[in-house]
Every structure is written in C-alpha cells, then in structure tokens.
Amino acid sequence: MKGTKIYYFYFILSQVIWGVLPAFWLLLRELPPLYTLSSRIIWASVLCFFLILQKHLLPGLKGVAKERWQWPYIAGACIFITLNWGSYIYATTRGFILQASLAYFINPIVLVFFGSILFREKLRPVQRLSVVVAGLGLALAFFIYGVVPWLSFIICLTWATYSMIKKKVVLDSQVSVFIESFSMVPLALAFIAFSEANGVGAIGVFSGWQWLLLPATGVVTAVPMMLFSAGVKGIPITTGGILMYFSPSITLIIGVLSGEVITEPLLLTFCFAWVAVALYMYGIYQTIHRLRQTTT
C-alpha cells in the first residue's frame, strides 16, 4: 500500500494544477487560440526534452523505434491530447470556462464507463445508473433548449479517450509526453510563422513580462501531464475517476469569479452531472462498506 501512495500524490497534484489553469490561460486571451496551442506544443516539447536529458532517459527515447507495437497507442495519444488542448484553450480564453468545468465533471463518469468496458472493472448498479444520468442531462439540454454544450462534450470525449490510451503506453511519463508534443511541433512552428507574417501573432500584442507567458505554457502543460501520466498507471480507473473532481470544482469557482453566467441549459446539465456524481460516490461507499463487513 505504501508503494502506491506516490501514485495518488502525483494524480491529485495534477488535478489541482489543472483546476487553476484557466486563470493562467486568461492571460493569453489576446492571442488566437491556435497560436496559444502552438506555443504550448513547442514549449512543452522543449521542457520535456531537457527533463529527459536531465534524468538520463535518452536511451528510452531511442528505444521507442524498436517498440513498434506502441506506435498506434502513441499516435492516438498525440491526436487526442492535441484536440483536447485546443478545445480547452478555446473554451478558457473565449468565455466558456464553465463548459470546461462541466466537461471534467462529466469526464470521470465517462472514464468509469470506458474502464468497465475496456478493462472489465466491475461497477455496481448505482454506478451504472450514474452514467445514464450524466448522459440524460446532455440529452435534455438539447431537447428542451435546443442547446448542447458541445465544447464540454468535445473536451470530455477527447480526454477520456486519451486516458484510456495512456493505460496502454508503457513508456516513461516524460518520454511519452515529449513524443506526444514533439510530433506536432512542425505544424505548430508553421502556424506561428504564418500568424506572425500576417500580423496576428504575439508580436505587437505582447510586451515586457508578457513574453514570459509563452514559455510558461510549456511548464503548465508538461508538469501536470507528467504527474498525470505517472499517477494514472498506479491507480484503478474507477478511483482515478473520483479524484478527477478536484479539477472541475476549482475551475467552476474560477469561471464564476471571472463573471461567466450559468445559462439554463448549462445549469440543467450541471444538475444532472452532480446527481450522477452523487450516485457514483454512493456506489463507492457501498463497495467500501461491503469490503469492511467481509473483513470483520
């Protein structure tokens, strides 16, 4: 049990950092979201590479060429994390922080559902009901108001898929995060060059200390990603699903403090998400209570 505590520490710390990140991305709202995403990719790659050198993990990076069975998982992780980063940056810099929060309230339920199917993790009936309730909230928002929080749906689905893929990646967390970022660097550099050439980049917008925000995108990206990658390998998917509520709870507070208004369809979806969380937590309680009874 002692050996697993470090995995829980890594995982929880990653969630806390992710929870406060919207406050950081708001500092970059003057830039196009794709420019911010490109900067994030480049600087995350740079930081990860220095960490690989510092920890003498270069042999592990070179060894990826021999692990061909890992390539499809690495490619899938690269695609889905890029989509997730892009949609999240758009949400947090364009006034949809609450939708980002909702995405990560729903995400653990979706993650638990995926875990039960792909990894055969057992769920109690009340936990299965939580999945249905979460989905029902999205459906009702559409049928009653004709509105679906699409950003929440995209952020949630891309992150849940990425999390499932990461369970199959056996590389060191720093190595895998570096590959996921570096694979997109050529496109990121091309977009930044295009933006600056057309006068829609950081030049002319940023000055002084603001330029430090660009390399900081790598730090705030790579650090929680590596913590998550290290932690998720040592804890069950179902437990990780519960711990993920640290992040959206903090993000929800930031969204409200930033002046965003909870619309009726968003409120409806949030209510169903909270009921789903309560049901799932009750299922966890039943499981723990039953285990205590069998051991006494």
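This is a short walk through a predicted model of one protein chain, from the overall fold down to four residues.

Okay, let's start with the big picture. The protein chain has 13 helices and zero strands. If you read along the sequence, the pattern is just α after α, from one end to the other.

What about the overall dimensions? Along its principal axes, the C-alpha trace spans about 65 × 50 × 30 Å. The radius of gyration is 20 Å, and for 296 residues a compact globule would come in near 19 Å, so the two agree.

How much of the chain is buried? Buried residues make up 50% of the 296. On the outside, the protein chain exposes about 14400 Å², and carbon and sulfur atoms supply 72% of that. As for charge, there are 19 positive and 8 negative side chains, and the centres of the two sets lie 16 Å apart.

Now, how do distant parts of the sequence meet? Take contacts between residues at least 6 apart in sequence: 89% of them join residues at least 24 apart. Keep that in mind as we look at some individual spots.

First stop, helix H8, which runs over residues 173–182. This helix is mostly covered, with nine of its 10 residues buried. Those buried ones are Ser173, Gln174, Val175, Ser176, Val177, Phe178, Ile179, Glu180 and Ser181. So you'll notice a glutamine and a glutamate in there, Gln174 and Glu180, both on the buried list by the under 20% cut-off. Which helices do the buried residues of H8 pack against? The partners are H2 (33–54), H3 (58–62), H4 (71–93), H7 (150–166), H9 (185–197) and H10.

Let me zoom in on Ser181 in that helix. Its relative accessible area is 0%, so it counts as buried. Setting aside residues up to four places away in sequence, Ser181 touches Ile41, Ala44, Ser45 and Trp85.

Next, over to helix H10, residues 213–232, where we find Thr217. Is Thr217 buried or exposed? Buried, because its relative accessible area is 1%. What does its side chain reach? The backbone oxygen of Ser39, at 3.5 Å. Ser39 is also on the contact list for Thr217, along with Phe24, Trp25, Leu28, Arg40 and Trp43, once you leave out neighbours within four places in sequence.

Third stop is Pro22, which sits in helix H1, residues 2–25. Pro22 is buried too, with a relative accessible area of 0%. Beyond residues up to four places away in sequence, Pro22 touches Tyr88, Thr92, Ile97, Thr251 and Ile254. For a sense of distance, Pro22 and Phe143 are 121 residues apart in sequence, and their C-alpha atoms are 30 Å apart in space.

Put that beside my last residue, Leu129, in helix H6, residues 125–145. Leu129 and Gly283 are 154 residues apart in sequence, yet C-alpha to C-alpha they are 9.8 Å apart. And is Leu129 tucked away? Its relative accessibility is 41%, so Leu129 counts as partly exposed.

So, to wrap up: we have an all-helix pattern, half of the residues buried, and buried positions such as Ser181, Thr217 and Pro22 to look at on screen. That's it from me.

Terms used:
Residues numbered from 1 in each chain as written. Predicted model: local features only at pLDDT ≥ 70, side-chain atom pairs only at ≥ 80, totals over all residues. Heavy atoms only, no water. Helix = DSSP H or I, 4+ residues; strand = E, 2+ residues; numbered from the N terminus. Rg over C-alpha atoms; globule rule 2.2 N^0.38 Å. Buried < 20%, exposed > 50% of the residue type's maximum accessible area, 1.4 Å probe, protein only. Contact = heavy atoms within 4.5 Å. Areas by Shrake-Rupley, 256 points an atom, 1.4 Å probe, with all protein chains shown as cover. Lys, Arg positive; Asp, Glu negative; His and termini not counted. Charge placed at Lys NZ, Arg CZ, Asp CG, Glu CD. Polar contact = N/O pair within 3.5 Å; in protein donor to acceptor, adjacent residues only side chain to side chain.
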